[in-house]
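Colleague: Please take a close look at the backbone oddities and the open spaces of this model, together with the helices around them. A first-year student should be able to follow the account.

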Amino acid sequence: ASRMAAIFFLLVVSSRGAHGGRIAIYWGQNGNEGTLADTCATGNYAFVNLAFLCSFGSGQAPQLNLAGHCDAYSGACANLTADIARCQSMGVKVLLSIGGGAGGYSLASKQDASHLARYLWESFLGGRPSAPGGRRPLGDAVLDGVDFDIEGGGGDPRYYGALAAYLKAYSGKGAAGKEVLLSAAPQCPFPDQWVGKALDTGLFDYVWVQFYNNPPCQYAAGSGGGAANLLDAWRQWTSGVEARYIFLGLPASPGAAGSGFIPVGSLESQVLPALKASSKYGGVMLWSRYYDDQDGYSSAIKNAV
């Protein structure tokens with residue numbers, strides 16, 4: 001019986017170890033990164049985060065900024081409808097990322113969170129604009145969910161938990177009847193000061209932790225420890241956050257962030273095998289499509305992820 005138990009244990013461990021991951025990418029902040037359709041056509045990505053809805057809350061009109069791709073004010077971003085549909089037809093989940101490293105945003109109350117959730121539902125998800133003449137910035141495309149890339153702002157971080165609850169409540173509604181997926185991109189110091197409380201709700205499907213620009217919890221090339229700090233932080237995240245999947249967030253090239261880039265060989269030999277021991281391992285998130293396009297990082301790591 002003990003031999004059978006040992007075989008079963010090996011089977012469980014090996015199947016866990018073989019738990020395949022997927023790649024998430026951010027697109028939208030560089031007009032030279034190619035089209036959204038081209039991004040999905042690579043076949044490398046399972047998730048694309050459209051970056052960013054950079055202003056919202058506290059009485060501000062929400063503002064979509066897709067940099068050099070299109071001008072949301074003039075309605076030009078509605079041209080992305082076909083690209084989004086094309087991505088989704090290939091099985092790629094397309095989410096709207098709110099926040100980012102620049103822009104002005106904050107949530108001042110639960111009512112603020114409720115208003116933003118309704119705006120997101122009516123403008124990007126399965127709802128229809130309730131205001132007369134209301135426009136959907138991306139046309140008729142129905143996105144798959146919302147990504148919380150909250151890196152500052154004012155207000156109270158607790159209200160992002162309320163926003164998550166309001167958004168999840170829209171799941172199954174509207175003509176498409178789709179689930180509203182939620183993801184978040186916290187910094188790797190645990191818990192994250194901006195979305196840590198929101199993650200406590202257990203409502204998030206995917207959490208792509210930014211293991212870069214944070215020396216205490218990122219990979220350190222050339223040091224004896226190498227991946228030690230990253231793996232310690234990873235254990236905190238996978239044990240401390242109730243989410244469907246946790247992703248390793250990385251810069252797609254050395255130029256994509258101030259620090260934290262992991263060379264392909266080190267990622268494949270030192271980092272990924274350890275992360276895959278967790279049943280919550282979801283894959284790798286990359287910032288961003290522009291940088292990935294420069295050096296082909298996702299193509300190089302795809303089979304290892």
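Modeller: Helices (H or I, at least four residues) and strands (E, at least two) are DSSP runs, numbered from the N terminus. The model is predicted, and local features need pLDDT of at least 70, side-chain atom pairs pLDDT 80 or more, whereas totals for chains, interfaces and linings use all residues. Residues are numbered from 1 along each chain as its sequence is written, and side-chain values use heavy atoms, without hydrogens and water.

Let us begin with the backbone. Ala67 lies in the loop that runs between strand E3 and helix H3 (81–89). Its phi is near 45°, a positive value in a residue other than glycine. Two peptide bonds also deserve attention. The bond that joins Ala51 and Phe52 is cis, with omega about 0°, and Phe52 is found in strand E2. A cis bond also leads from Trp287 to Ser288, where omega is near -5°. Ser288 belongs to the loop between strand E11 and helix H9 (289–295). Most residues other than glycine have a negative phi, and most peptide bonds are trans.

Phe52 and Trp287 lead on to the second largest pocket (on a 1 Å grid over the protein atoms alone, an open set of points with protein on both sides within 12 Å along at least five of seven lines; lining residues have an atom within 4 Å of a point). About 250 Å³ of space lies in this second largest pocket. Its lining comprises 17 residues, and those closest to its centre are Phe52, Gly100, Gly101, Glu151 and Trp287. Strands E2 (47–55) and E11 (281–287) are the elements that give two or more residues to this lining. By class, eight of the lining residues are nonpolar, seven polar and two charged (Ala, Val, Leu, Ile, Met, Phe, Trp, Tyr, Cys and Pro count as nonpolar, Asp, Glu, Lys and Arg as charged, the others, Gly among them, as polar).

The largest pocket holds about 400 Å³ of space (a volume is the space filled by probe spheres set on grid points, which are joined across faces, edges and corners). Of the 18 residues that line the largest pocket, Pro62, Tyr119, Ser123, Arg135 and Pro137 lie nearest its centre. Strand E3 (63–64) and helix H4 (110–123) each supply at least two residues of this lining, and H4 gives the most, with three. The lining of the largest pocket divides into ten nonpolar, five polar and three charged residues.

H4 also has a helix as a partner. H4 and helix H5 (residues 159–168) pack at an angle of about 40°, and their axes are 8 Å apart (lines fitted to C-alpha atoms over the stretch in contact, with angles from 0 to 180 degrees between N-to-C directions). H4 and H5 are therefore oblique to each other (angles under 35 degrees count as roughly parallel, over 145 as roughly antiparallel, 65 to 115 as roughly perpendicular and the rest as oblique). From H4, the contact (heavy atoms within 4.5 Å) is made by Lys110, Ala113, Ser114, Leu116, Ala117 and Leu120, and from H5 by Tyr159, Ala162, Leu163, Tyr166 and Leu167. The residues of this contact of H4 with H5 comprise nine nonpolar, one polar and one charged.

A second helix pair may be set beside this one. The axes of helix H7 (residues 228–240) and helix H8 (residues 264–275) come within 11 Å and cross at roughly 15°, which makes H7 roughly parallel to H8. Leu230, Leu231 and Trp234 of H7 meet Val271, Ala274 and Leu275 of H8 in this contact. Six nonpolar, no polar and no charged residues form the contact of H7 with H8.

Methods
1 Å grid on protein atoms, 1.4 Å probe; cavity = no way out; pocket = protein on both sides within 12 Å on 5 of 7 lines; lining within 4 Å.
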